[in-house]
Structures are given as C-alpha cells and as structure tokens.
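Reader: Please take me through this model one question at a time, and state each cut-off when its term first comes up.

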Amino acid sequence: MDSAADLDEPIPYRARTRAYYGALGYPPYRWAHVGDVPFAPLRKPLAEACLALVTTAAPYQPDKGDQGPGAPYNGAAKFFAVYSAPTDTDPDLRIAHIAYDRDHTRAEDPGTWLPLPALRAAAEVGWIGRLAPRLHGLPTNRSQRVTIETDAPEIVRRVCADGADAAILVANCPVCHQSLALAARALEESGIATVLMGCAKDVVEHCGVPRFLFSDFPLGNAAGRPHDRASQAATLDLALALLASAVAPRTTVQSPQRWSADPAWKADYASLHRLSVEEIARRRAEFEAEKRKARS
C-alpha cells in the first residue's frame with residue numbers, strides 16, 4: 001500500500017500506462033524523447049502579442065454516441081485531421097474521445113481544458129495584446145511520425161497564417177501531452193514562443209519542451225479546477241507569466257494549487273493492482289471495440 005508521502009508526487013504516467021496496456025496484451029509504447037529543445041523568445045511584450053490556442057479537444061459529433069459529462073471513453077468521437085474554430089464564441093468541443101481521469105473528474109466544465117473565456121478576459125484587461133481569431137485542434141496521435149510530419153506542420157502553418165506571436169497548448173490525456181509537446185517544438189522552430197499547460201509532467205519533460213506549466217490535477221484539468229473561474233484565471237496567469245519570463249528551454253513551473261489535501265486520488269489512474277483478471281479481460285475487449293469504431 002502506498003503511503004501518503006509516496007503518493008504526493010506527480011503521477012508516473014509513462015510507467016503506469018506501459019504496465020496497464022502490457023497487461024491488456026499490447027507491446028510497450030516508446031514515448032517521444034528528444035535531446036535538443038528549440039527555444040523562441042517572445043518577440044514583443046505580452047501586452048502587444050497575439051496569442052493562439054491549440055487543443056486536443058474534439059468537435060462534438062451528435063451522431064457519434066455519448067460525449068457528455070462523465071461519458072465512457074468514446075473512440076468513435078475521435079478526429080484525425082487538424083481543424084480550426086473561431087475564438088470569439090465558445091465552440092462545442094469535448095474530451096470524451098481521450099483517456100482523461102474519469103475516476104476523479106467528469107469533464108463538465110470546458111473551462112478546465114479550453115481556457116477561451118480566461119484568454120478573452122486577459123485580452124480585455126490588456127494582459128495580452130489580442131487573441132488570435134481561430135483556435136486549432138491537434139489530433140491525439142500515437143504515431144509520432146504522423147504528428148511530426150503531418151499534424152504539427154499544419155498547426156504551424158495555421159498559427160503563422162493568423163499572425164500569432166505565441167501559442168498556448170492545453171493537453172488532456174497522456175498521449176495528448178506528447179502530441180502537443182511535439183507541436184510546441186515545431187512552433188518554436190518556426191519562431192513562435194509556446195507554453196504547454198498540462199498534468200502529465202513525466203510525459204512532457206521526457207519529450208522536452210521550451211515552457212511547461214504543470215498542474216498536479218487529474219487529467220482533463222490542465223486549465224484549472226472545474227466550475228472555479230478564479231482557479232482557471234490563476235492557472236492562465238501562471239502560463240502567461242511563464243511565456244513572458246522563461247529564458248531557456250525545459251523551463252517547468254508547477255502551479256501551487258492542489259486538487260485535494262489527500263493525495264490518495266493519484267493511486268487510481270491505470271492502476272493494475274485494483275483490477276481483477278476478469279476486469280482486465282473486459283477492458284481489453286472494450287478497448288479493441290473502441291479501436292474498431294475509430295478506424296471505421
């Protein structure tokens with residue numbers, strides 16, 4: 001049994017998911033790791049800069065089954081190509097298609113994974129110059145080659161077309177963190193400063209990014225607590241401050257916010273010791289069924 005002190009550390013998502021999917025019968029996944037990390041300083045004061053937003057949330061598809069709060073993992077709701085949506089309204093984007101922490105959060109409040117209201121408020125008070133006219137969706141892709149060769153270059157093209165000086169990338173599931181880390185590297189190589197907001201510290205730092213705001217929250221809450229505008233505003237403020245102040249790559253700042261005084265919630269995600277043989281077999285069958293839906 002883990003002690004409270006042992007649990008009060010960032011969740012080791014790479015090790016947990018490797019063991020979990022290994023028990024389901026899948027080969028070990030090799031997580032992205034790159035030695036050199038590009039770094040693009042912010043080219044103008046934040047109060048004059050145009051900021052882009054990049055997300056792994058998916059546009060709602062009414063014909064693809066349950067995608068509402070607390071919905072089970074829904075592979076049919078995945079998307080496989082970069083998309084864009086306007087930022088002057090709140091598009092209907094959801095995260096039922098990815099492995100966020102369903103034990104401890106229900107994805108009821110889009111402000112926890114899509115900080116559009118907080119960004120618009122930052123622009124209104126002059127914290128940032130302006131918000132880019134479009135946000136961009138990056139597919140959560142286990143294929144690093146596809147992310148590097150296809151999706152990340154398309155994100156760069158769209159962010160540059162919008163005249164953005166910097167980009168905020170908000171991650172959800174473990175693979176989301178890797179996909180966005182690879183996209184952040186591509187943006188920085190093109191001269192666009194980035195900050196990645198996320199909850200999977202080990203995945204991001206293993207890949208290597210210029211700037212990372214780590215929130216020690218359940219996956220799906222990288223932009224702050226649900227139904228807590230003060231938490232979401234404070235989380236964005238930390239990300240913006242990091243964007244403006246970092247002087248070298250691999251700069252990580254941890255939010256001081258805590259999900260709970262009791263860190264026991266960290267023991268649950270992808271924890272094999274809590275699953276019976278029958279439950280592991282059931283999850284294998286369920287996962288294969290969702291993969292078939294996604295492929296179709």
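Author: Helices here are DSSP runs of H or I with at least four residues and strands are runs of E with at least two, both numbered from the N terminus. This is a predicted model, in which local features need pLDDT of at least 70 and side-chain atom pairs count only at pLDDT 80 or more, whereas totals for chains, interfaces and linings use all residues. Residues are numbered from 1 along each chain as its sequence is written, and side-chain values use heavy atoms, with hydrogens and water left out.

Reader: Which helix gives the most to the lining of the largest pocket?

Author: A pocket is an open set of points on a 1 Å grid over the protein atoms alone, where a 1.4 Å probe fits and protein lies on both sides within 12 Å along at least five of seven lines; lining residues have an atom within 4 Å of a point. By that rule 44 residues line the largest pocket, and Tyr21, Tyr73, Ala99, Arg142 and Phe287 lie nearest its centre. At least two lining residues come from each of α2, α5 and α8. With eight residues, the element that gives the most is α8.

Reader: What volume does the largest pocket have?

Author: Grid points are joined across faces, edges and corners, and the volume is the space filled by probe spheres set on those points. For the largest pocket, this comes to about 1400 Å³.

Reader: Which helix gives the most to the largest nonpolar core?

Author: Such a core is a set of buried Ala, Val, Leu, Ile, Met, Phe, Trp, Tyr and Cys residues joined through side-chain atoms within 4.5 Å, where buried means under 20% relative accessible area, exposed over 50%, and partly exposed in between (1.4 Å probe, protein chains only). The largest core has 89 residues, among which Leu51, Ile168, Leu169 and Leu196 touch the most other members. Nine of its residues, spread over the span 174-189, come from the helix that gives the most, α5.

Reader: What does leucine 196 touch, if residues up to four places away in sequence are not counted?

Author: Leucine 196 is one of the four residues that touch the most other members of the core, and contact here means heavy atoms within 4.5 Å. Its partners are Leu169, Ala171, His177, Leu180, Ala181, Val204, Val209, Arg211, Phe212 and Leu213.

Reader: How many residues apart in sequence are aspartate 165 and lysine 44?

Author: These two form a salt bridge (a side-chain nitrogen of Lys or Arg within 4 Å of a carboxyl oxygen of Asp or Glu), with their closest N and O atoms 3.7 Å apart. Aspartate 165 sits in the loop between α4 and β6 and lysine 44 in the loop between α2 and β1, so the pair links distant parts of the chain, and the separation is 121 residues.

Reader: Is aspartate 165 buried or exposed?

Author: Its salt-bridge partner, lysine 44, is partly exposed at 34% relative accessible area. Because the corresponding value for aspartate 165 is 7%, this residue counts as buried.

Reader: Which residues are joined into one network by salt bridges that share partners?

Author: The side chains of aspartate 216 and lysine 266 meet in a salt bridge at 2.5 Å, N to O, which links the loop between β8 and α7 to the loop between β9 and α8. Aspartate 216 is buried at 11% relative accessible area, and lysine 266 is likewise buried at 3%. Salt bridges that share partners make one network of Asp8, Asp216, Arg258 and Lys266.

Reader: How far is the sulfur of cysteine 160 from the nearest cysteine sulfur?

Author: A disulfide is a pair of cysteine sulfur atoms within 2.5 Å, and the structure holds zero of them. For cysteine 160, which is in no disulfide, the nearest sulfur is that of cysteine 50, at 11 Å.

Reader: What is the phi of alanine 270?

Author: Alanine 270 lies in the loop between β9 and α8 and is buried at 17% relative accessibility. Although alanine 270 is a residue other than glycine, its phi is positive, near 50°.

Reader: How far apart in space are isoleucine 280 and proline 256?

Author: Isoleucine 280 belongs to helix α8 and is buried, with a relative accessible area of 18%. Its contacts beyond four places in sequence are Ala23, Leu24, Leu272 and Leu275. Proline 256 is 24 residues from isoleucine 280 in sequence, and the C-alpha to C-alpha distance is 36 Å.
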